[in-house]
Amino acid sequence: MSRRSLMALGAGAGIAAAVRADELRKPTRFQVACMTYVYRDFPLERALLGIAKSGYRFVAWGMEHRDADGKRQPVLAPDASADEARALAKRCRDLGLEPVMMFSNIYPERQEGLKILRQRLTQAGAAGVPQVLTFGHTENGGRAIWLQRFKELGPVAADQGVTLVVKQHGGETGTGEACAKFTRELDHSHVKVNYDAGNVMDYLDVDPIPDLKACVDEVRSFCIKDHRNFPKDEDCGPGFGEIDHYKLLHAVAWTGRALPLCCENISAPLMPPVKRAEEVDRLALRAREYLEWVIQGLQQPS
């Protein structure tokens with residue numbers, strides 16, 4: 001065989017390998033969700049209706065809502081039964097909303113942290129909610145407590161078919177890299193990282209893009225919020241701040257996994273707090289459309 005033929009054969013093999021590699025690349029199934037948290041000053045039912053009206057297919061359960069009498073009520077109490085959790089999930093699904101995450105509402109290091117996190121995992125398992133979100137502080141011996149408790153919680157999460165995700169919350173857990181160092185040391189398939197770029201930029205003034213690259217293999221979901229340092233230091237909705245979401249989501253655009261993107265802040269910078277639920281609806285719609293445009297752009301065929 002001539003040298004030219006060998007070169008042509010080699011080039012052909014290279015092209016075929018590249019095609020096979022491209023075929024193996026599977027797009028991430030981004031689940032753009034809205035947290036009920038952004039409607040916290042309104043009743044939960046209004047929150048769910050607004051999220052559905054704004055075109056979301058996915059929802060994340062926040063912490064509390066102000067009821068019709070102005071009193072704060074938990075989305076799901078820590079001691080709520082499995083039946084209550086299933087009932088809440090059914091309310092969501094009846095509106096066309098699939099729950100993808102719930103707040104634990106407890107720091108792992110707190111005295112009752114282990115007990116409540118166990119309950120949350122059981123509630124999530126009963127309701128078919130795939131992730132429970134937690135965060136807290138590991139200073140002053142807290143890391144040892146975390147390791148001990150998460151070693152117990154990992155098997156509980158696995159039994160329930162739920163992933164317990166830890167997000168950045170300042171201090172020793174202020175970056176994704178720090179959270180990933182913990183989850184890697186723990187080394188359990190059902191304890192992973194949730195990435196909150198807004199918190200990373202806000203609490204530590206750290207660029208979230210290289211930080212995400214340092215933990216991307218451990219990330220299983222995002223809390224979506226943006227942040228501005230100018231003209232005012234404040235969190236805001238995606239696309240309103242200084243974080244480049246094309247760069248942020250590029251790192252996870254081809255994982256082949258289902259990956260919740262849960263909008264935790266949708267507000268417009270420099271604007272006063274909204275007073276009407278319809279204003280929240282408008283901001284929720286804008287956040288969803290922005291993220292969907294980013295995703296569509298990143299996952300265009302090459």
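Why is the sulfur of cysteine 34 not in a bond with the closest cysteine sulfur, in cysteine 263? In this predicted model, the gap is simply too wide, because the sulfur of cysteine 34 lies 5.8 Å from that of cysteine 263. Seen from the other end, cysteine 263 has cysteine 34 as the closest partner, again at 5.8 Å and too far for a bond. The cut-off here is a pair of sulfur atoms within 2.5 Å, and by this rule the count of disulfides comes to zero. Both cysteines are tucked away from solvent: cysteine 34 has 0% relative accessibility and so counts as buried, and cysteine 263 is buried too, with a relative accessible area of 0%.

Turning to helix α5, this element takes in residues 142-160, 19 residues in total. At 1.5 Å a residue, a span of 27 Å is what should turn up, and the end C-alpha atoms sit 26 Å apart, which agrees. The helix isn't quite straight, though, as α5 bends by about 30° at phenylalanine 150.

Phenylalanine 150 also appears among the buried residues of α5, together with Gly142, Trp146, Leu147, Arg149, Leu153, Gly154, Val156 and Ala157. As a rule of thumb, an α-helix has 3.6 residues a turn, so residues three or four places apart point the same way. The cover over the buried part of α5 includes two helices, α4 (113-127) and α6 (176-186), along with the strands β6 (131-134), β7 (163-166) and β8 (191-195). Just past the end of α5, glycine 161 takes a positive phi of about 70°.

Key
Residues numbered from 1 in each chain as written. Predicted model: local features only at pLDDT ≥ 70, side-chain atom pairs only at ≥ 80, totals over all residues. Heavy atoms only, no water. Helix = DSSP H or I, 4+ residues; strand = E, 2+ residues; numbered from the N terminus. Expected span 1.5 Å × (residues − 1). Bend = angle between axes of the 7 residues up to and from the residue. Buried < 20%, exposed > 50% of the residue type's maximum accessible area, 1.4 Å probe, protein only. Contact = heavy atoms within 4.5 Å.
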